[in-house]
Amino acid sequence: MFLYHAVMEDPPDWIAEFTVTPKQFGAHLDAVVDSGRTPVTISALADHLAGRAPLPARPVLLTFDDGFADLPGPTAEALAARDLSATAYLTTGAIAPGGRSLLPPAPMMTLAETVRLEQSGMEIGSHTVTHAQLDTLAPRELTHELRASRAVLEDTLGHDVRHLAYPHGYNSGRVRRTAAAAGYETATAVRHALSSDHDEHHRIARLIVRRGHTLTEVEDWLDGRGARVAPYRDSAKTVAWRWYRRSRAVVRGPVFAG
């Protein structure tokens, strides 16, 4: 499962590392086509994990976080031109009129474009309201981030939204349980690992695509090489970083920075 953010030539500095150029993106999509893998949406993976329906023999998931302005335009067009499905996780506070988020300034899509994005072949999921680090929030704030973002998307699209992506990939056992209670059938993290049939429904691994990744690395991932396979236990470093961020949040409040 690949995680993209923005596809643009001249991104803001804060997101540049996680942005690929249109030329890079086109090469990645061509590699997907050439790999013989079948792109599927997160709902297809959810059906497989729940035993409701099988996946194709060589599936791949292409996901996009946040909702940058390129998504309903050239990015969706590049996918549609190759008949590739994808999943977009949208930060509602960053795209809704009068909304508020922790994301720094950047060109963003609008909430009204969500319907067009879905019509282009993308499945829509939630990426919370403000893009907060969910594992640092109090229970009431956490529930609001999960339920309010889902409600905004459902009101816009006119159907259930069953899938979530954790901002920054940050989560915990409490966050995962709250996500399930809020009605999300799956939730994706980051983990920079290959997902598997045994992956956790509310901590599905994704490979984050950075500007510095080479086409060869992408091709290796498509061939199942070059990354560890989830699930696996959190490292001591990950646990320590979580506790540091929680302590920082007590002092500074919600922040964007990972």
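**Rings and a buried acid**

Student: In this structure, is Phe68 buried or exposed?

Tutor: This is a predicted model, and the answer rests on its computed relative accessible area. For Phe68 that area is 1%, and because a residue must fall under 20% to qualify, the word for Phe68 is buried.

Student: How many aromatic pairs are there, and why is the pair of Phe2 and Trp221 called edge-to-face?

Tutor: The count of aromatic pairs comes to six. In the pair of Phe2 and Trp221, the ring centres are 5.7 Å apart and the planes stand at 75°. Planes over 60 degrees apart take this label, so the pair formed by Phe2 and Trp221 is edge-to-face.

Student: How many residues apart in sequence are the parts that Phe2 and Trp221 tie together?

Tutor: Phe2 belongs to strand β1, residues 2-4, whereas Trp221 belongs to helix α8, residues 215-222. Phe2 is buried at 3% relative accessibility, and Trp221 is buried too, with a relative accessible area of 5%. The parts tied together by this pair are separated in sequence by 219 residues.

Student: Which label fits the pair of Trp14 and Phe68: stacked, edge-to-face or tilted?

Tutor: The centres of the rings of Trp14 and Phe68 are 6.1 Å apart, and their planes are at 40°. Stacked needs planes under 30 degrees apart and edge-to-face needs over 60, so the pair of Trp14 and Phe68 is tilted.

Student: Where in the chain does Trp14 lie, and where does Phe68 lie?

Tutor: Trp14, which is partly exposed with a relative accessible area of 23%, is in the loop between β2 (6-7) and β3 (19-20). The pair ties together parts that are 54 residues apart in sequence, and Phe68 is in the loop between β6 (62-66) and α3 (71-81).

Student: Which ring has the charged end of Arg191 over it?

Tutor: Two arginines can be described here one after the other, beginning with Arg150, which lies over the face of Tyr184 at 5.7 Å from the ring centre. The charged end of Arg191 is 4.1 Å from the centre of its ring, and that ring belongs to Tyr232.

Student: Glu123 is buried yet has no salt bridge, so which side chain of opposite charge is nearest?

Tutor: Glu123 is in strand β8, residues 122-126, and its side chain makes polar contacts with those of Thr41, at 3.2 Å, and Ser43, at 2.3 Å. A salt bridge has to be within 4 Å, whereas the nearest side chain of opposite charge is 4.9 Å away from Glu123 and belongs to Arg162.

Methods:
Residues are numbered from 1 along each chain as its sequence is written. This is a predicted model: local features need pLDDT of at least 70, side-chain atom pairs count only at pLDDT 80 or more; totals for chains, interfaces and linings use all residues. Side-chain values use heavy atoms; hydrogens and water are left out. Rings of Phe, Tyr and Trp (its six-membered ring) pair if their centres lie within 6.5 Å; planes under 30 degrees apart count as stacked, over 60 as edge-to-face and the rest as tilted. Helices (H or I, at least four residues) and strands (E, at least two) are DSSP runs, numbered from the N terminus. Buried means under 20% relative accessible area, exposed over 50%, partly exposed in between (1.4 Å probe, protein chains only). A charge sits over a ring if NZ of Lys or CZ of Arg is within 6 Å of the ring centre and within 35 degrees of the ring normal. Lys and Arg count as positive and Asp and Glu as negative; His and the chain ends are not counted. A polar contact is a pair of N or O atoms within 3.5 Å; within protein, one must be able to donate a hydrogen and the other to accept it, and residues adjacent in sequence count only if both atoms are side-chain atoms.
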